[in-house]
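The following exercises are to be worked with the sequence and the coordinates at hand. Each task is followed by a solution in steps.

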Amino acid sequence: MIENIKANFTESIQTKIAASEMLPPAIDKAAMMMVEALIRGNKILSCGNGGSAGDAQHFSSEMLNRFERDRPSLPAIAITTDTSTLTSITNDYSYDEVFSKQVRALGQPGDVLLAISTSGNSRNVINAMEAALSRDMTIVALTGKDGGEMAGFLGEHDVEIRVPSNRTARIQEVHLLVIHCLCECIDDSLFPAHDPDGY
Ligand SMILES: O=C(CO)[C@@H](O)[C@H](O)[C@H](O)[C@H](O)COP(=O)(O)O
Ligand SMILES: [Zn+2]
């Protein structure tokens, strides 16, 4: 067990090192898309399944409350949280529609969809991306593996941040780091720190 645990740490560290060499330009582009949307008065919707639903909520809570320093609340909604909405859409239509119906209701032109899937193949996330495009939103996709079907849905105004790993857990661990990078970039752009420690 101890050896397996150590191997998980090693694999996670190696995945992060590989990601640190490949992902910063895409993360920077995604952060700028979000900053421009927020400056325009738009908002960010986020979605994903399982651990990625947690990531979607982690991101929105850091927007709505704060990341590392005090600043005004920023508009973001995780569409993974309202069990009445989730169960009724799934019951009456299909789990595949659980995010897309919410995007069509809440999405406005210029909003950003943060779409999170380690495989890139979750049908409800892909349908949410289709709905976002129909609402003239832009998309930041956090993926892994080969990017799955999600990779094929992205246009020149969108960005994919694909973690170089085939293991769901390792991909999720880097997704959380990416989310924290996005939060820091957004805060530094919109609310530059006044003291050198950033607090
Ligand atoms: O957290 C984990 C595995 O670490 C699981 O809950 C995982 O998120 C679920 O199996 C998801 O349904 C996987 O979906 P996706 O990442 O392929 O879109
Ligand atoms: Zn997990």
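A residue is called buried under 20% relative accessible area, exposed over 50%, and partly exposed in between, with a 1.4 Å probe and protein chains only. The model is predicted, so that local features need pLDDT of at least 70 and side-chain atom pairs count only at pLDDT 80 or more, while totals for chains, interfaces and linings use all residues. Residues are numbered from 1 along each chain as its sequence is written, chains are lettered from A and ligands numbered from 1 in the order in which they are written, and side-chain values use heavy atoms, with hydrogens and water left out.

**Exercise 1. Locate L114 and the core.**

Task: Determine where L114 lies and whether L114 is buried or exposed, then describe the largest nonpolar core.

Solution.
Step 1. L114 belongs to strand β3; helices (H or I, at least four residues) and strands (E, at least two) are DSSP runs, numbered from the N terminus. With a relative accessible area of 0%, L114 is buried.
Step 2. From L114 to M63 there are 51 residues in sequence, and their C-alpha atoms are 13 Å apart in space.
Step 3. A nonpolar core is a set of buried Ala, Val, Leu, Ile, Met, Phe, Trp, Tyr and Cys residues joined through side-chain atoms within 4.5 Å. The largest one has 33 residues, of which M34, F59, V140 and I161 touch the most other members.
Step 4. At least two residues of this core come from each of α2 (24–40), α3, β3 (112–116), β4 (138–143), β5 (159–162) and α8 (168–190). Helix α2 supplies the largest share, nine residues.
Step 5. In soluble globular proteins, nonpolar side chains tend to be buried together.

**Exercise 2. Describe the surroundings of ligand 1.**

Task: State which residues surround ligand 1, and which polar contacts they make with its oxygen atoms.

Solution.
Step 1. A residue is near a molecule if one of its heavy atoms lies within 4 Å of it. Around ligand 1 these are N49, G50, G51, S117, T118, S119, S122, T168 and Q172.
Step 2. The shell comprises nine polar residues, no nonpolar and no charged ones. In this scheme Ala, Val, Leu, Ile, Met, Phe, Trp, Tyr, Cys and Pro count as nonpolar, Asp, Glu, Lys and Arg as charged, and the others, Gly among them, as polar.
Step 3. A polar contact is a pair of N or O atoms within 3.5 Å; within protein, one must be able to donate a hydrogen and the other to accept it, and residues adjacent in sequence count only if both atoms are side-chain atoms. An oxygen atom of ligand 1 lies 3.3 Å from a backbone N or O atom of N49. The side chain of S117 places an N or O atom 2.6 Å from an oxygen atom of the ligand, and a polar side-chain atom of S122 is 2.5 Å from an oxygen atom of ligand 1.
Step 4. The protein buries 60% of the 450 Å² that ligand 1 exposes when taken alone; accessible areas come from the Shrake-Rupley method with a 1.4 Å probe, and for residues only the protein chains shown count as cover.

**Exercise 3. Compare with the record.**

Task: Establish where UniProt places the feature "binding site", and why these positions do not all gather at one spot.

Solution.
Step 1. The unreviewed UniProt entry places this feature at N49, G50, G51, E62, N91, D92, S117, T118, S119, S122 and Q172. These positions span 124 residues in sequence, and the farthest two C-alpha atoms are 32.2 Å apart, so they do not all gather at one spot. UniProt positions are given in the numbering used here, feature names are shortened, and annotations may be inferred rather than shown by experiment.
Step 2. G51 lies in helix α3 and is partly exposed at 37% relative accessibility. D92 is in helix α4 (residues 83–92) and is exposed at 55%.

**Exercise 4. Examine R69.**

Task: Find where R69 is placed and which polar contact joins its side chain to that of D188.

Solution.
Step 1. R69 is in the loop between α3 (51–64) and β2 (76–78). R69 counts as buried because its relative accessibility is 12%.
Step 2. The side chains of R69 and D188 are joined by a polar contact of 2.9 Å. A polar atom of the R69 side chain also lies 3.2 Å from the backbone oxygen of D187.
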